[in-house]
Amino acid sequence: MSSERSAVMTAGDELARAREVFAGARRIVVKAGSSSLTTPLGTIDADRVDALVDVLAARRAAGKEIVFVSSGAIAAGLGPLGLARRPSDLALQQAAASVGQGLLIARYTSSFARYGLTVGQVLLTSNDMIRRAHHRNAQRTLDQLLALGIVPIVNENDTVATDEIRFGDNDRLAALVAHLTRADALLLLSDVDALYTGDPRRPGARRVEQVREPADLAGIRIGGPNQARKVGTGGMITKIEAARIAGVPVVLTNAASAAPALAGEPVGTYFHPSRESRMSTRHLWLAHATTGQGRIVLDAGAVEAVVKRRKSLLPAGVTGVEGDFAAGDPVDLCGADGRVVARGLVNYDAGEIPDLMGRSTRWLARELGPEYEREIIHRDDLVILDV
């Protein structure tokens, strides 16, 4: 046997062993997108829902815990509202979610009831990940549901989420829920059966069996959401990003392959946990599921303190402020060259910062009062971005 063939067999054995994590996972997060759950006309596809629930119920019967992250609320509301496609208007999206969420959870309640299983609806906003008290409450709720034998059905609360405080897609939400619930694995169900080197509908595209690091994605052409149906927000890009931050093994495949994927069989694309995923859920949310509502410009000393020494941002290191934001908003931190180096939750409104710039906290406390003896952004609320 040649050394090259031996190496291939060894790599294959290693991947097979890695996939066994799914078969043995005590707790697993499963995410299904809108295209896997609804018809092109914007109604819930009962047969698809039942088929997926059959798989999840079998997993529960084997003594495993399932957290199900389900898209589809907005898509399910399109038909009843007479909308042909997902609207771009935020208010219409929220109205569709309000109608569709009830239909969706009713369908899941009925489908899981065939197996004597009860579901619990958990609607999250990004604030539930970033605010400490909300984060703990969400974690306790999910833990209690699982302890009671309930199947949590998680979705973003699209009826109240705005562009500024939303996750952006349920792939990222699923990755953060995997952190929140301390899951062992994450299964992302898409409308394609794996990641391919190009459009799988064209000749020459090859299935990517595994991804260990970003370099494995070099040269792969990644498309956006399914433009034919236009019912979801995600695409292959968001799924790859979710796999990068999940912190657990991830398999990407389609709903038809859910059962073999959960059994550890060689379907879909297997993503090994990345080093970046060791960040906390709050920091992952800041880095990947928020948009800076403004900018704070730092001098060279402050950039070094924040990026290299992981210090809090103090008023003395601030040279400028851009945008209109409020205390508690995520803002980008950049150097004099305009390059964004970090993002954090600011402790002041944009209008307050110009009077604080260049001042020490001691001076500010003496001149303006003790409430000003605090950081612009505390280091616990800062995440360093790619620099």
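**Ser 71**

I started with Ser 71 and asked whether it is buried or exposed. In this predicted model, Ser 71 comes out buried: its relative accessible area is 10%, and buried means under 20%.

Next I looked up where Ser 71 sits along the chain, and found it in the loop between β2 (65–70) and α3 (73–81). Then I listed what Ser 71 touches, leaving out residues up to four places away in sequence. I got Lys 31, Ala 32, Gly 33, Ser 34 and Leu 37, plus Leu 104, Asn 155 and Asn 170.

I also checked the UniProt record, an unreviewed entry, which has a "binding site" annotation covering Ser 71, Asp 158 and Asn 170. So Asn 170 turns up twice in my notes: as a contact of Ser 71 and beside it in that annotation.

**The five-stranded sheet**

I moved on to an open sheet of five strands and wrote down its order, β10-β9-β11-β12-β13, with mixed pairing. Which strands stand at the edges? They are β10 (318–322) and β13 (382–384); each has a single partner strand, so one side of each lacks a neighbour in the sheet. Neighbouring strands here are turned by 25° against each other on average, ignoring direction.

I zoomed in on β9 (residues 295–298), which runs antiparallel to β10 and is joined to it by four bridges. In this pair, I found Ile 296 opposite Val 321 of β10.

**Helices on the sheet**

I then noted helix α10 (residues 281–288), which packs on the sheet and touches β11 (330–334), β12 (340–345) and β13. Its direction makes about 125° with that of β12. My last entry is helix α11 (residues 300–307), lying across β9, β11, β12 and β13 and running at about 110° to β9.

Terms used: Residues are numbered from 1 along each chain as its sequence is written. This is a predicted model: local features need pLDDT of at least 70, side-chain atom pairs count only at pLDDT 80 or more; totals for chains, interfaces and linings use all residues. Side-chain values use heavy atoms; hydrogens and water are left out. Two strands pair if DSSP finds at least two bridges between them. Helices (H or I, at least four residues) and strands (E, at least two) are DSSP runs, numbered from the N terminus. Axes are lines fitted to C-alpha atoms, for helices over the stretch in contact, and angles run from 0 to 180 degrees between N-to-C directions. Contact means heavy atoms within 4.5 Å. UniProt positions are given in the numbering used here, feature names are shortened, and annotations may be inferred rather than shown by experiment. Buried means under 20% relative accessible area, exposed over 50%, partly exposed in between (1.4 Å probe, protein chains only).
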